[in-house]
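Work through these exercises with the model open beside you. Try each task before you read its solution.

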Amino acid sequence: MTSAVSVPLRGLDIAAIRADFPILHRRVHGHPLVYLDNAATTQKPRSVIDRLVRYYAEENANIHRGVHLLSVEATDAYDAARDRVRQFLNAAEAREIVFVRGATEAINLVAATFGRTRVGAGDDVVISEMEHHSNIVPWQMLCEEKGAHLRVVPITDSGELRLDEYERLLGARTRLVAITHVSNALGTVNPVEEIVRMAHDRGIPVLVDGAQAVAHLPVDVRAIGCDFYTFSGHKVFGPTGVGVLYGRSSLLEAMPPYQGGGDMIRSVAFEGTLYNDVPYKFEAGTPNIAGVVGLAAAIDYLTKVGLDRAGAHEHELLAYGTDVLSDIEGLRLAGTARRKAGILSFVIDGVHPHDIGTILDRAGVAIRAGHHCCQPLMARLGVPATARASLALYNTREEIDALAASLRTAKEVFA
Amino acid sequence: MSTDLEDLYQEVILDHNRQPRNFRALNDGQRAEGYNPLCGDRLTVYLHVTDGVIEDVSFQGSGCAISKASASLMTEAVKGKSLDEAKGLFERFQKMVTSPPDVTVGDLGKLTALAGVRQFPVRVKCATLAWHTLRSGLDARGKVVSTE
C-alpha cells in the first residue's frame, strides 16, 4: 500500500494531519505502519509531544505552593488546562473538572466517594452488558462491600442497549446508573441523553464513561445532562497517565475526599483536618502536571482539526470499512448498531483472532485481538475473543484496504 | 507472507489446528485445566497414568492455532512416555520456544514444528499453555494453569 492519501476528504486534509503524527511515518516489519488500534490508545501529534518537552525543559515546578516564577507559571498552565477541559466538555464551571490518572481512576473515585456514601445494603447500581471492566469492577466491589446489587442492562444481537429493559431496571432502590457513551468493543454509540433523562425522571444520577467517545464526537455534558463524565487523555491524542472526571459541582461538594494528602487540604492538625474546596479536594499529592498540560495541547489540536470534520471523516471510513470487511467470506462483524463510532470488531470462521493479529502485525497492520476488557460482553456474543480494528482521524481508505488485504492472507494461510 | 510467518504457521501446525489429535475427553484418570484469560484460550488435559507411564492423554478446549496445535502435538509426543521422560520433553520444549535458534535442545521430533514461535515472543504463552497444564495434571496440583 501507499503511505498516505492526499485527497482532502470533506474538508479534512489527511496528508497534513498524518504529517502531524511522527509515529505514523515509522515502518513495522518492513511495512509502513497501519495503526488501527486507536481504541487502545491514540497516537500523539507533534504539538503534544513538543508541549511535554517544553514543560519539562522550561516550566517544570510544583504547583499551588511556590512563590517563585516557575511555580507560578506551572500553576497557571495547570489551571488553564482545567479551563480548556471545561470548554471541551462544555461544563459550567472549571471546578467541575477533576484531574485523575485516567477514566479508570475517575470511575473508582466516584465509586469510592459518591458510591460509598450513597449506596447501601439492598440498593441497586445499574450498568450494562457492554461495559468495559473499568465500569464493572469498581461497582462490583462497591456492591460487595455494601451488600448492594449490580443490575445489568442487556443488549440486542446487533449490540444496542435494550432501553425497555433499562427502564424496567430503574427502581426505587437504584442509586446510580453507570453507562458507557461509546462501546470500546462494539463501537455502539449509546443514546446517553435519553438514558440520562429516563434516570433523572426518577431522581437517579448517571455516570457516563466517555473514554471511547471524546476522540470521535463532540461531547457536551450539559446537553447530555449527566452527573459524572469520565475520560482518559491518552485516548484523545494526549499523554498516558492523565484523565478527567467531570462532576456536577453540587454532587462534588457533597462527596467526601478520595485520597488524603497534600493539596487536598486547607489546614491540617492532629486534632482534625479541614479539606480543600472542589476540585482540589479530589487531587491529593502532586498531580501529573506535564500530563495535564499535554492533554490541553491535545484538546487544542483536536479543536483546530475540528471534531465535526474528524467525526465525518471517521464515519465515512467506518462505512467504507464495514463494506470492505463484509465482502470477506466467513467474516462476521460483532456490533452492527445503527449508531456506531470508530470500531470494526469481527471474527473469521476458522481463524482465531490471535492468529489474525500476528499475521496482520507482520504486514505492519496493528489491531487488537482479545476480549477488549469486556469478558461479560464476549460471553454474551458467544466468542472468546474478537479482532478489532479501531479508527482515528488520521486513518485512510488505503489503510482499510491494507487491513482487508492482510485479512485475506490470513484466510489463505488457514484455508 | 514473510519467512517468519511461514516458520510459525508450518503445514504441521495448520494440520493439527484443523484436525487436532486426541481431541476428546477421558472419563477417569487425572485432568487439569489451563486458561489464559487475556487470550481466551482454554483447554483441559486428560491423563491416564499407570505405574509411572502416561498410557493415554487427550485434550479438549478452544484457542488459537498455536495453542491448539501445540496441545495436539504434545499429546502425541508424551503418550507412552514415563513421567520423567514427559517432564524432560516439557523442559526441552520450553527451552526451544524461548531460546535463540543457536541453542541446541536435541531432537524433539514433530514438536520442532513449533520452533518458529521463538520469533514471536508474545505467542510463547500460546505454545506452552498445554505443557504447563500437562505438568499440573501430572503433579495433581488442581489449580487452573495460566501462562499469561
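**Exercise 1: A sheet in chain A**

In chain A, 4 strands make an open sheet in the order β13-β14-β17-β16, with antiparallel pairing. Two strands pair if DSSP finds at least two bridges between them. Helices (H or I, at least four residues) and strands (E, at least two) are DSSP runs, numbered from the N terminus. This is a predicted model: local features need pLDDT of at least 70, side-chain atom pairs count only at pLDDT 80 or more, and totals for chains, interfaces and linings use all residues. Residues are numbered from 1 along each chain as its sequence is written, while chains are lettered from A and ligands numbered from 1 in the order in which they are written.

Task: Which strands stand at the edges of the sheet? How are β14(A) and β17(A) joined?

Solution:
1. Look for strands with a single partner. They are β13 (331-334) and β16 (368-370) of chain A, so each has one side without a neighbour in the sheet.
2. Check the twist. Neighbouring strands are turned by 30° against each other on average, direction ignored.
3. Go to the pair β14(A) and β17(A). The two run antiparallel and are joined by 4 bridges; β17(A) covers residues 386-390.
4. Find a facing pair. A:Ile343 is opposite A:Ser390 of β17(A).
5. Add the helix. α12(A), residues 353-362, lies across β14, β16 and β17 of chain A and runs at about 160° to β16(A). Axes are lines fitted to C-alpha atoms, for helices over the stretch in contact, and angles run from 0 to 180 degrees between N-to-C directions.

**Exercise 2: Two helix pairs**

Task: Is α11(A) roughly parallel or roughly antiparallel to α14(A)? What is the angle between α3(B) and α5(B)?

Solution:
1. Start with α11(A) and α14(A), the latter spanning residues 397-413. Their angle is about 25° and their axes are 10 Å apart.
2. Classify the angle. α11(A) is therefore roughly parallel to α14(A). Angles under 35 degrees count as roughly parallel, over 145 as roughly antiparallel, 65 to 115 as roughly perpendicular and the rest as oblique.
3. List the contact. α11(A) brings A:Leu317, A:Tyr320, A:Gly321, A:Val324 and A:Leu325, and α14(A) brings A:Arg397, A:Ile400 and A:Ala404. Residues are in contact if their C-beta atoms, placed from the backbone, lie within 7 Å.
4. Turn to chain B. α3(B), residues 65-78, and α5(B), residues 124-139, pack at about 40° with axes 7 Å apart. So α3(B) is oblique to α5(B).
5. Sort the residues of this contact. There are 10 nonpolar, 2 polar and no charged residues. Ala, Val, Leu, Ile, Met, Phe, Trp, Tyr, Cys and Pro count as nonpolar, Asp, Glu, Lys and Arg as charged, and the others, Gly among them, as polar.

**Exercise 3: Domains and chains**

Task: How many residues of domain 1 of chain A are in contact with domain 2 of chain A?

Solution:
1. Set the bounds. Chain A has domain 1 (14-41 + 306-413) and domain 2 (50-303). Such bounds come from an automatic or database domain assignment.
2. Take the centres over C-alpha atoms. They are 28 Å apart.
3. Count the contact. 24 residues of domain 1 of chain A meet 27 residues of domain 2 of chain A.
4. Find the main contributor. α11(A) gives the most to the domain 1 side, with 4 residues.
5. Finish with the chains. 16 residues of chain B touch 14 residues of chain A. The chain B side has 10 nonpolar, 4 polar and 2 charged residues.

Key: Two residues are in contact if their C-beta atoms, placed from the backbone, lie within 7 Å.
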